[in-house]
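Colleague: Please take me through the pockets of this model before I plan any reading around it.

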Amino acid sequence: MQAELERRRQMGNLRILKTREGLIDFASNDYLGLARSEALKQRVIEKWSAHPGTPSHFGSTGSRLLTGNSAYVHRLEDHIATFHGYGAGLLFNCGYMANCGLLGAMTTEEDVLFFDAHIHASMREGIRLGKAPSLPFRHQCLDHLEQRLKKFLVKGRRFICIESLYSTDGTLAPLKEIYQLAESYQAHLIVDEAHAVGVFGPEGKGLVFREGLAGKIFAQVVTFGKALGIFGAIVLGDGALKQALVNFARPYIYTTALPLPCLLGIEATYALFPPLVKERKQLARLIQTAKLSESPIVSWPVSGNGAATDLVKKLATEGFDVRALLSPTVQRGKECLRICLHAFNEQEDLRRLITLLEENGR
Ligand SMILES: Cc1ncc(COP(=O)(O)O)c(C=O)c1O
């Protein structure tokens, strides 16, 4: 292990837990500022004192299949599923577990799974846990996906895994086209909406909803720890999918259910983020100012772990909190700064940041 750690250090990608305070946030996933809002905190505190309908226990006391279930959780799941236009939803403790649970449970040896080469580590992990052989297709490449669909005919089912907004480079998936391909080739589409919900679509319902595909997709994953400012995740689909997950998704079955503070936070954010129209407009304005991405995630290429880390340090000395994506998280040579825009960022700060980046060259 020590040798492995030393190798990492030499490659310039040794992971270290850091705290950075007092810098302007261009790094977190708190796109709407909800995580730091008084509104979210206050709403949870108000609900806290055991309003009728909330479970009385502070901790959940067990897994959902044992003592960690309540009528309150069922109502919350139904509410979120209906909001996003689905028949059913199942809460998971976080997005990582949702993707592992869903993808790990869904496939058999007779199936095949195609995935965009840039999907998140949690989807990759889920694919690894599942039984089906899997093949990547080039990032955002419809032709390559179609080639895969034409070539790989199997006895079982075919799945396609994508993100609606890619967390690494901030690009939006051509959802309608991918949905049409999935339909034409009778494939099951799975969409991770981790970074899109809250930010895009009417009332922040996400890109799947915006594209008119809500309820039509086999499974959608929504996480609550990014624009929604809290923690946890839900898998949306139909009742049959929910029942399958309750029976076969190990990261759901064998873990203690979310405790009351998280559930109250989830309920609170679903009351608070839909009306945040002003914040979404402010975010859209910042995206326009930056002219670097179609979403709040901007990828600024800086080749090499050393160069990327040096630039992060330099920006910190100028007061900016920006983080890098280093290899092996991204391919070697494709290292970049991942700049996140937030409704609370000032236009002037963004301009100053872009000037600094440009001075340092791409
Ligand atoms: C695209 C994507 N999916 C899933 C996850 C995992 O979500 P969570 O942080 O809730 O575990 C992340 C988190 O970084 C993500 O970026």
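Modeller: What follows covers two pockets and one lining residue.
This is a predicted model, in which local features need pLDDT of at least 70, side-chain atom pairs count only at pLDDT 80 or more, and totals for chains, interfaces and linings use all residues. Residues are numbered from 1 along each chain as its sequence is written, and side-chain values use heavy atoms, with hydrogens and water left out.

Colleague: How many residues line the largest pocket, and which lie nearest its centre?

Modeller: A pocket is an open set of points on a 1 Å grid over the protein atoms alone, where a 1.4 Å probe fits, with protein on both sides within 12 Å along at least five of seven lines. Lining residues have an atom within 4 Å of a point. The lining of the largest pocket has 46 residues, and nearest its centre are Ala324, Leu325, Leu326, Thr329 and Val330.

Colleague: Where is Leu326 found?

Modeller: Strands are DSSP runs of E, at least two residues, numbered from the N terminus. Leu326 lies in the loop between strand 11 and strand 12.

Colleague: Which residues is Leu326 in contact with, leaving aside its neighbours within four places in sequence?

Modeller: Contact means heavy atoms within 4.5 Å. On that basis, the partners of Leu326 beyond four places in sequence are Gly12, Asn13, Asn305, Ala308, Thr309 and Glu335.

Colleague: Which residues lie nearest the centre of the second largest pocket?

Modeller: This pocket is lined by 17 residues. Those nearest its centre are Cys94, Gly95, Tyr96, Thr223 and Lys226.

Notes:
Helix = DSSP H or I, 4+ residues; strand = E, 2+ residues; numbered from the N terminus.
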